[in-house]
Amino acid sequence: SIDDRFLKQLNATNDLRLKYQYSDHFIMDARYDYTYTNQRFNTRQNFNHFHASVETAGNLLKQMAIATNAPVDTSGIYQFVGVPFSQYAKFNIDAKRYFYHGQKSTFVARLMLGIGIPYGNSLSLPYEKSYFGGGPTTLRAWQLRRLGPGGYIHSNGDMLEHVGDISITINLEERFPIVGPLEGAIFTDIGNVWLAHPSEEYPLGNFSWDRFYKELGIGAGFGLRANISILTIRLDFAI
């Protein structure tokens, strides 16, 4: 369930984009994934890992709605089984390079890029399809979904989680053995999320070529890794 305080703050905001993201919606999507790696297992040879994906949603439903002259609501949005359906396109790239050195040390560089484009029957990307900054998989020095968007500064007491339409994340990590299955890591994370369009509710939250590089968050820290069979337990500290 959603916290009552969160709902109160959400209802009090004038952010139609955020309210739309937290409303009911139907998603019927299609996705294409491409993965390439030149890793040679059981060797310590440097390798690359590349993954790209393209995802679209709502196009078939939109054509069916137009063909059947389906009614629209006051915002011009079509519905499917009584619920507005989302229409968007997403493009993602995840590229990693592994450098082995010494007997057991590894340096890993990772670049993640993403952009989502809502159109047609959507005012914005669905919440669960939006990009976020902060947390264990992006910038570890920030709490989950608390970084960004862009240069927007959170106000005190702001409980709303912030997501965006564009994402850039760079992870640089040095991993080294300690004892047995226990490993250490030193890392730096760089990145942020942005809105695709300007927003009065999030000043400086949109992506702009002339300032996006000034709005990149930077976090650094160290961590511990316990490799147990096929499971890795990870604990990271960052500022």
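## Close-up views of a predicted model

**View 1. Strands E11 and E12 form an antiparallel pair.** Let us start where E11 and E12 run side by side, joined in the antiparallel sense by 8 bridges. In this predicted model, Leu224 faces Leu235 of E12 across the pairing. The two strands form a hairpin with 2 residues between them, and Ser229 there has a positive phi near 55°. As a reminder for this and later views, most residues other than glycine have a negative phi.

**View 2. Strand E10 pairs with E11.** Moving to another partner of E11, we find E10 (residues 182-194), which is joined to E11 (residues 217-228) by 10 bridges and runs antiparallel to it. Two opposing positions are good places to look. Glu183 sits opposite Arg225 in E11, and Ile186 sits opposite Phe222 in E11.

**View 3. The open sheet contains 8 strands.** Stepping back from the pairs, the strand order reads E1-E2-E5-E6-E9-E10-E11-E12, with antiparallel pairing. Strands E1 (29-37) and E12 (231-238) each have a single partner and stand at the edges, so one side of each lacks a neighbour in the sheet. On average, neighbouring strands here are turned by 15° against each other, direction ignored. The protein as a whole has 12 strands, along with 3 helices. Contacts between residues 24 or more positions apart make up 64% of those with a separation of 6 or more.

**View 4. A nonpolar patch lies on the surface.** The patch covers about 730 Å² and is built from Tyr32, Tyr34, Tyr36, Val54, Phe91, Ile115, Ile117 and Tyr119. The elements giving two or more residues to it are E1 and strand E6 (105-118). E1 gives the most, with 3 residues. Tyr36 belongs to strand E1 and is partly exposed, at a relative accessible area of 40%. For the wider setting, the protein exposes about 13,900 Å², with carbon and sulfur atoms supplying 60% of that area; of its 239 residues, 40% count as buried.

**View 5. Phe50 has contacts on strand E2.** Phe50 is a residue of strand E2, and it is partly exposed, with a relative accessible area of 28%. Beyond its neighbours within four places in sequence, Phe50 is in contact with Tyr34, Thr35, Tyr36, Ile93, Asp94 and Ala95. Tyr34 and Tyr36 will be familiar from the nonpolar patch. Between Phe50 and Arg97 the C-alpha to C-alpha distance is 8.7 Å, with their positions 47 residues apart in sequence.

**View 6. Glu55 and Lys129 form a buried salt bridge.** This is one of the 12 salt bridges in the structure. The closest N and O atoms of Glu55 and Lys129 are 3.0 Å apart. The pair ties together distant parts of the chain, with Glu55 in strand E2 and Lys129 in the loop between E6 and E7, 74 residues apart. How buried are the two partners? Glu55 has a relative accessible area of 4%, while Lys129 has 19% and still counts as buried because the cut-off is under 20%.

**View 7. Arg140 and Asp189 belong to a network of salt bridges.** The closest N and O atoms of Arg140 and Asp189 are 2.8 Å apart. Here too the pair spans distant parts of the chain: Arg140 is in the loop between E7 and E8, Asp189 is in strand E10, and 49 residues separate them. Both Arg140 and Asp189 are buried. The network that links them also includes Glu173, Arg175, Arg225, Arg234 and Asp236. Arg225 is the residue that faced Glu183 in View 2. For another buried pair, look to Glu215 and Arg211, whose side chains meet in a salt bridge at 2.5 Å, N to O.

**View 8. Some loops have less common backbone geometry.** Most peptide bonds are trans, yet the bond joining Gly148 and Pro149 is cis, with omega about 0°. Pro149 lies in the loop between strand E7 (131-132) and strand E8 (163-164). Two asparagines are also worth a look. Asn42, in the loop between E1 and strand E2 (47-57), has a positive phi of about 65° and is exposed, at 83% relative accessibility. Asn69, in the loop between helix H3 (59-67) and strand E3 (79-80), has a positive phi of about 55° and is exposed, with a relative accessible area of 69%.

Conventions. Residues are numbered from 1 along each chain as its sequence is written. This is a predicted model: local features need pLDDT of at least 70, side-chain atom pairs count only at pLDDT 80 or more; totals for chains, interfaces and linings use all residues. Side-chain values use heavy atoms; hydrogens and water are left out. Two strands pair if DSSP finds at least two bridges between them. Helices (H or I, at least four residues) and strands (E, at least two) are DSSP runs, numbered from the N terminus. Axes are lines fitted to C-alpha atoms, for helices over the stretch in contact, and angles run from 0 to 180 degrees between N-to-C directions. Patches are made of residues with over 30% relative accessible area and no salt bridge: like charges are joined within 9 Å, nonpolar side chains (Val, Leu, Ile, Met, Phe, Trp, Tyr) within 5 Å. Accessible areas come from the Shrake-Rupley method with a 1.4 Å probe; for residues, only the protein chains shown count as cover. A salt bridge is a side-chain nitrogen of Lys or Arg within 4 Å of a carboxyl oxygen of Asp or Glu. Buried means under 20% relative accessible area, exposed over 50%, partly exposed in between (1.4 Å probe, protein chains only). Contact means heavy atoms within 4.5 Å.
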